[in-house]
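Grab a pencil and work through these exercises with the model open beside you. Try each task before you read its solution.

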Amino acid sequence: MPGEIICASDLHKLLSVYDIYKQERIEDKTSFLSLLTTIEQGRQGHAITERICQPGEIIIRENEPGDIFYIIHSGQIVVIKGDLQNPAILGFRSTGEAIGEMALLEDLPRSATVIALDVVTLWAFSREVFYQFMKENPLFSINLMNMLSGRIRKSDEERMRGYAREKQQVVALETLSRQATHDPLTGLFNRRYLDQILYGEIAHAQQSGSLLGIVMADVDHFKQINDRYGHKAGDLMLQTVGDLMKSCVRSADIVCRYGGEEFVIVMPGTSEATVSHCSEEIRSRFEELSVVFEDRKIQATISLGAAIYPLHGSNVDEVFVNADRAMYQAKQEGRNRVVVYSVESVSENI
């Protein structure tokens with residue numbers, strides 16, 4: 001009596017995986033064919049029945065009683081665990097391989113589901129016939145053990161390859177994630193990441209009643225560095241600025257490359273004095289720094305403007321704009337300085 005047939009779309013998915021598996025598979029069938037030969041030679045007088053399964057037919061279902069042992073005489077099958085919509089594929093079997101032997105030997109329920117991928121012919125052994133056949137045919141026992149040990153070895157190898165593939169996938173996903181949120185030149189967070197977190201940081205400050213500082217910084221006369229020394233020198237200068245900023249801020253602060261030679265620092269849970277002190281440390285240390293490029297020392301200065309929520313704005317946009325205005329004021333007043341936003345001082349320079 002034929003078993004349950006899975007739907008065509010589920011069978012197609014399993015066949016697609018099998019097509020990939022076939023390209024990678026290098027199989028030694030010696031022990032499998034030897035097993036078939038010993039069965040062929042010793043099956044006379046034993047109630048070994050033949051079962052023919054259609055493509056997509058469920059041969060064995062997970063958790064069912066395991067009192068039948070099968071040898072594949074012809075065809076291909078797949079072994080899976082879990083739901084058909086998202087199965088974990090444990091492996092594929094073909095001519096000469098065994099199905100269901102562990103459940104029978106251990107007298108336990110089936111540990112997986114087995115499905116025919118094409119027309120499959122099976123030799124079925126009941127528990128009694130299986131042990132009687134083993135007793136009368138010692139070569140069968142030897143070939144069966146060879147096949148099982150080979151399968152265990154290959155399963156271990158496939159598991160290790162699977163772990164390696166999973167690790168590669170994790171690394172690839174981490175790389176993609178980092179590329180999406182970090183600036184490739186400086187390693188700082190990028191503008192996209194800043195846009196993602198800024199509103200959340202303001203909301204947290206609002207709920208906790210704390211202050212949040214935003215510092216905008218711009219390397220003075222950066223175009224002149226590019227024009228005089230080349231873009232590689234300019235890139236080195238930007239990397240140096242990024243490293244310097246990370247060394248000056250607290251661990252909770254977020255340093256971003258906003259674009260070009262412009263940087264933004266987000267400082268949660270801060271104070272006006274802390275923002276001012278951190279900005280001044282960046283300015284003074286950068287002024288004293290020399291970047292060596294092709295045996296030439298390059299120096300530059302930086303201008304910084306800061307604004308603090310909610311002292312200098314009731315929302316993200318207001319605070320951000322006022323930090324930009326403070327930086328513009330620092331430029332207007334001669335560069336290489338820090339300006340913390342105030343209505344009076346900024347309005348005088350607009």
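**Exercise 1: Strand β4 and its partners**

Find the bridge partner of V78 in β7: this is I115. Keep in mind that you're looking at a predicted model.

Task: work out how β4 pairs with β7 and β5.

Solution: Start with β7 (residues 113-116), which runs antiparallel to β4 and is joined to it by four bridges. Next, turn to β5 (residues 88-93): its pairing with β4 is antiparallel too, over five bridges. One place to check is I77, whose bridge partner in β5 is R93. Now follow the hairpin of β4 and β5: six residues sit between the strands, and G82 has a positive phi near 90°. Last, look at burial, where under 20% relative accessible area counts as buried. Four of the five residues of β4 (residues 77-81) are buried, so the strand is largely enclosed by the rest of the structure.

**Exercise 2: An open sheet**

Task: say which strands stand at the edges of the four-stranded open sheet.

Solution: First write down the order, β1-β8-β3-β6, with antiparallel pairing. β1 (49-53) and β6 (98-99) each have a single partner strand, so these two are the edges. For the β3-β6 pair, count two bridges; Y70 has I99 of β6 as its bridge partner.

**Exercise 3: Two helices**

Task: describe how α7 packs with α8.

Solution: Begin with the geometry: the angle is about 140°, and the axes are 6 Å apart. That angle makes α7 oblique to α8. Then list contact residues, including F222 and Y229 of α7 and M237 and L238 of α8. Finally, sort the contact by class: six nonpolar, three polar and no charged residues.

Methods. Residues numbered from 1 in each chain as written. Predicted model: local features only at pLDDT ≥ 70, side-chain atom pairs only at ≥ 80, totals over all residues. Heavy atoms only, no water. Axes fitted to C-alpha atoms, helices over the stretch in contact; angles between N-to-C directions. Parallel < 35°, antiparallel > 145°, perpendicular 65-115°, else oblique. Contact = heavy atoms within 4.5 Å. Nonpolar A, V, L, I, M, F, W, Y, C, P; charged D, E, K, R; others polar. Pairing = 2+ DSSP bridges. Buried < 20%, exposed > 50% of the residue type's maximum accessible area, 1.4 Å probe, protein only.
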